[in-house]
Structures are given as C-alpha cells and as structure tokens.
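Opening the notebook on a new protein today. I want to go from the overall fold down to single residues, and I'll jot down what I look up as I go.

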Amino acid sequence: MTFASLLLVVLASLVHATWNLLAKRAAAVGPVFVFAYNLVACVAYAPWVAYLVIAGRGTAWTGVGAAFVLLSALIHLGYSLCLQRGYQVADLSVVYPVARGTGPMLSTIGAFLILGERPSGLGVLGLILVVAGIGLIATQGDLSAFRRPGGQAGVRWGSATGGLIATYTVVDAYAVKTLGIVPVMLDWFSNLLRFFLLSPLVIADPRRALAAMRGYWRFAIGVGLLSPLSYILVLAALGSGAPLSLVAPMREMSMMVGALMGMVILHERVGPWRLVGCSVLIGGVVFLSAG
C-alpha cells in the first residue's frame, strides 16, 4: 500500500467517525434528521452525478441494476434509521463500535453458514475477539450492566445496525462489481430514493419538521457532506491499487476514534475497559479479514 493510499484510508476513518459524532449530536431529531441530511447529500453531489451522466458513464442500467439500486436504498434507509435510534438511547462510544464490529462478524458467520465456507483458525479467533470486545464495550468489565435498565440498548441497536451494514455491503458490492454501476451514482440515487421515501414525514407536518430541525441544520449539512465522502475516499484508495485485505481492517480504526470522540467531545464515561474493548474489537475484525 502506498503512502497516499494509507492517507486516504486514515482520512476516511476520521471522516466516518466525525459524521457519526454529528449524527449522535442530532439524535433527538430522529427520522426528520435522516431526511435532512439525505437532502443535503442529494444537492451537494448532484453536480458530480450530472457530469457522469453527461459523460455517459454508468447510465446504461438494466432492470436488475435498477432493482439493486432500490434494494440498496431500502437497506440504507433501515440502517440510517436504526443508527439514529441507537444514538437516541445509548452512547456513541457503545453504538458506533458495536455497529462497526458486528458487520464483519455477521458477514463471516453468513459465509460459514450460507455459503459453506470453512472457518479458519484466524476466522474463529476473530469471531471470539469481536464478541469479547462488544461485551467489554457494553459492560465496561461489569457483567451486571446487562441486567440494568437500558443496559442492553446500545448492543441491541448497534448489532441491528451492524446486520444492516453487512447486508448493504453485499448488495452494493454486487451492484458495483457485477452490474457495473458507478459507486458515486449508486450512492446518489440511493440517497435520492431515501429522500422520497422519507418525504411523507415532512409533508404531513412541515412546520413540525422545520421546528424539529431548528439548530440542527449544521449537523445535517455535515453528515450530508461527510457520509458519502468517507465512502468515496475508501473507493479511491482501492482504485489506486490498495489491497482490500489491508483497507478493510484499517478502516476499523474509526471505532477507536469514535470512542475517543464520545469521551472527549460528548463527555461520555468511556473508561479503560471500553477502550480495551475497542482494541479487542479491532483485533477481531483484523483477524476476520485475514481469515
């Protein structure tokens, strides 16, 4: 991996953790906030998509391609709403790393159970470490935390989000690699469809929606700009020749960045056990990628 590719991946991790921090700060708004940042993303990246359309790149979609774009939009919508709900009921330093860690874990389990792949020693070790890391993050070394009111909320919503991450990763990879849809166009049309799917929330009561977004538009602008950008940076690293086997685990450094942001900026009680849990979780994801 070249130094330029390394910088792209590191920057992508920082950008990803940053937009999740912004989403956490606007957690109280709920689905209307998701609508708002999808609107921002559609407007901000429209010139790029228009350029691709004029240049004739990635526009020759088949019916199957259009179906996959719709499927991607629905899964990403579920992911966005699930993540936002998780941030309403639990800490960023719990939901974010759990979501990021369970995605690779569930993808690996699916490969074992559905595709019939044989688990390697590293793969099994990775699964064990991911589960252990999630436990440390959620309980901070105190297992009685699971029995407290709301003690499982962060793990539950983070795991659900991770499941949706694993699902859209497979769908988007097939759309890009097999069907030849340009990644930026896939992301933009997926955002556009989510915008229309969420529109009834705003149309039903525009004044209430605007009131809910008062003071939160700067966060919506940040998420709308940064969320697609983090994806584009990773694709740029891969396009420059960086191997996926290195890029995938390196992206997971965003887990630690997210936990530190929760501690420093949001003043969440992170503690040493949660940081150790993030480290264990990152190690597990690295082993999953290697296995």
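**Overall fold.** I started with the secondary structure, and the protein comes to 12 helices and 0 strands. Helices here are DSSP runs of H or I with at least four residues, strands are runs of E with at least two, and both are numbered from the N terminus. Read from the N terminus on, the elements go α-α-α-α-α-α-α-α-α-α-α-α.

**Ground rules.** A note to self: this is a predicted model, where local features need pLDDT of at least 70, side-chain atom pairs count only at pLDDT 80 or more, and totals for chains, interfaces and linings use all residues. Residues are numbered from 1 along each chain as its sequence is written, and side-chain values use heavy atoms, with hydrogens and water left out.

**Whole-chain numbers.** I looked up burial next: of the 291 residues, 48% count as buried. Buried means under 20% relative accessible area, exposed means over 50%, and partly exposed is in between (1.4 Å probe, protein chains only). Then I checked contacts, meaning heavy atoms within 4.5 Å. Among contacts between residues at least 6 apart in sequence, 87% join residues at least 24 apart.

**Helix H2.** I compared its span with the expected one, which is 1.5 Å times one less than the number of residues. The 25 residues of H2 should span 36 Å, and the end C-alpha atoms are 35 Å apart, so the two agree. I also found a kink of about 50° at Ala46, shortly before the proline Pro47. The bend at a residue is the angle between axes fitted to the seven residues ending there and the seven starting there. Just after H2, Gly56 takes a positive phi of about 75°.

**Helix H7.** I ran the same check here: H7 has 22 residues and reaches 33 Å from its first C-alpha to its last, close to the 32 Å expected. H7 has a kink too, of about 40°, at Leu198, shortly before the proline Pro200.

**H2 against H7.** How far apart are the axes of H2 and H7? I get 8 Å, with H2 (residues 31-55) and H7 (residues 183-204) packing at an angle of about 145°. Axes are lines fitted to C-alpha atoms, for helices over the stretch in contact, and angles run from 0 to 180 degrees between N-to-C directions. The crossing is left-handed, and by class the contact has 21 nonpolar, 3 polar and 1 charged residues. For the classes, Ala, Val, Leu, Ile, Met, Phe, Trp, Tyr, Cys and Pro count as nonpolar, Asp, Glu, Lys and Arg as charged, and the others, Gly among them, as polar. For the handedness, a crossing is left-handed if the near helix is turned anticlockwise from the far one by less than a right angle, and right-handed if clockwise.

**Pro31 and Leu201.** I zoomed in on Pro31, which is found in H2 and is partly exposed at a relative accessible area of 40%. Leaving aside neighbours within four places in sequence, Pro31 is in contact with Leu81, Leu198 and Leu201. Pro31 and Gln84 are 53 residues apart in sequence, yet their C-alpha atoms are 7.5 Å apart in space. Leu201 lies in H7 and is partly exposed at 43%. The C-alpha atoms of Leu201 and Phe35 are 8.5 Å apart, with their positions 166 residues apart along the chain.

**His76.** Is His76 buried or exposed? I find a relative accessible area of 12%, so His76 is buried. His76 lies in helix H3 (residues 63-89) and touches Tyr168, Asp172, Ser190 and Arg194, not counting residues up to four places away in sequence.

**Two glycines.** Gly103, in helix H4 (residues 92-113), is buried at 3%. Gly103 touches Gly162 and Ala166, again not counting residues up to four places away. The C-alpha atoms of Gly103 and Gly163 are separated by 5.6 Å, though they are 60 residues apart along the chain. Gly180 is in the loop between helix H6 (153-177) and H7, and at 48% relative accessibility counts as partly exposed. My last lookup was Gly180 and Gly65: 115 residues apart along the chain, with C-alpha atoms separated by 8.6 Å.
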